[in-house]
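Subject: Structure handover

Hi,

Here is the structure I promised to pass on. Please load it before you read the notes underneath.

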Amino acid sequence: LKQQLIKAEKLKAVEQMGAAISHEIRNPLTAASGFVQLLEDDHLSRQKRKEYLTIVREELRSAERVIQDYLTFAKPSIEMSKEINVKSELRQIIKLLQPLANKNSVEIVTDFSIIGFITGDPQAFRQCFVNVIKNAIEAMPNGGYLTISTEYSQNYVTIIIRDTGIGMSKEQLERLGEPFYSTKGKNGTGLGMMVVYSIVRAMDGNLHVESIMGAGTTFYFEFPAITSISKNN
Ligand code: ADP
Ligand code: MG
């Protein structure tokens, strides 16, 4: 019975979250389709047409951002059984985000330990680190260094993401992970870090964040390691 109650509560939380998020997606879509309707007017001036198209593009982008940040969390359950090669997963994520880094003149430096295997859902792992690394790059609009390193000890794999960006105040740091909390205005969803925390929790991991205003931020992730002994069994 207790299990059932917990499950019902979880479902309720997911439903409420889903409602809030579909609202976040529906609003920009409604706005976009309104402006598309205005664009159907044949007598529209070139300037107005351009103006409306810009709005449509912006609104669609905003809906897309919500979906991007939330994608994995929306899945009904996180599959836990897979083995994740931390180093090769991180390499793929870096490849994916390299264009964004180039755009912001951010140099990515890596320092990976030789081994490092954890268990979890690889897709959730990817979503988690895409969200964190995207934030780190966005925190360095005028360039900087993004250092991604891993450490392996007997029981834990530690993943460290460090940026030389704008940093966070103590108050900002406390609100990190709160749904819809964002300092990026129209360019933010405030969902990325909420998704990160929920994935870390689901993977029995730990997240610790340190930040200095104007100097940068460091994220320390800790996940239970698959030891080489249990790997051979
Ligand atoms: P979004 O990126 O859409 O704003 P997130 O949930 O991903 O939403 O992040 C929430 C907020 O946390 C950001 O708006 C920003 O203020 C802060 N933040 C997250 N990562 C960093 C970082 N590396 N450096 C500075 N601030 C950050
Ligand atoms: Mg983000």
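Below are my notes on the sheet, the helices and the ligand shell. Bear in mind that this is a predicted model.

**Sheet**

Five strands form an open sheet in the order β2-β4-β5-β7-β6. The pairing is mixed. β2 (106-111) and β6 (206-212) are the edge strands, each pairing on one side only. On average, neighbouring strands are turned by 10° against each other, direction ignored.

The strand pairs, with one bridge from each as a register check:

- β4 (144-152) and β5 (156-163) run antiparallel, joined by seven bridges. Threonine 147 has arginine 162 in β5 as its bridge partner. A hairpin of three residues links β4 to β5.
- β5 and β7 are also antiparallel, with eight bridges. Isoleucine 161 is partnered by phenylalanine 219 in β7.
- β7 (residues 216-224) and β6 run antiparallel over seven bridges. Here glutamate 210 has threonine 218 of β7 as its bridge partner.

Helix α3 (residues 86-103) lies across β2, β4 and β5. Its direction is at about 175° to β4.

**Helix pair α4/α6**

Helix α4 covers residues 122-138 and helix α6 covers residues 192-202. They pack at an angle of about 140°, and their axes are 9 Å apart. How should that angle be classed? Angles over 145 degrees count as roughly antiparallel and 65 to 115 as roughly perpendicular, with the rest above 35 oblique. α4 and α6 are therefore oblique to each other. Their crossing is left-handed.

On the α4 side, the contact is made by Ala124, Gln127, Cys128, Asn131, Val132, Lys134 and Asn135. On the α6 side, the residues are Gly192, Met193, Val195, Val196, Ile199, Val200 and Ala202. By class, this contact holds nine nonpolar residues, four polar and one charged.

**Ligand 1**

Which residues are closest to ligand 1? They are Asn135, Ala139, Ser182, Gly188 and Gly192, out of 22 that surround the ligand. Two elements, α4 and α6, give two or more residues to this shell. The largest share, three residues, comes from α4. The shell divides into 12 polar residues, eight nonpolar and two charged.

Note the overlap with the helix pair. Asn135 of α4 and Gly192 of α6 take part in the helix contact, and both are listed among the closest residues to ligand 1.

Best wishes

How values were computed: Residues numbered from 1 in each chain as written. Chains lettered and ligands numbered in written order. Predicted model: local features only at pLDDT ≥ 70, side-chain atom pairs only at ≥ 80, totals over all residues. Axes fitted to C-alpha atoms, helices over the stretch in contact; angles between N-to-C directions. Helix = DSSP H or I, 4+ residues; strand = E, 2+ residues; numbered from the N terminus. Left-handed = near helix turned anticlockwise from the far one by under 90°. Contact = placed C-beta atoms within 7 Å. Nonpolar A, V, L, I, M, F, W, Y, C, P; charged D, E, K, R; others polar. Near = placed C-beta within 6 Å. Pairing = 2+ DSSP bridges.
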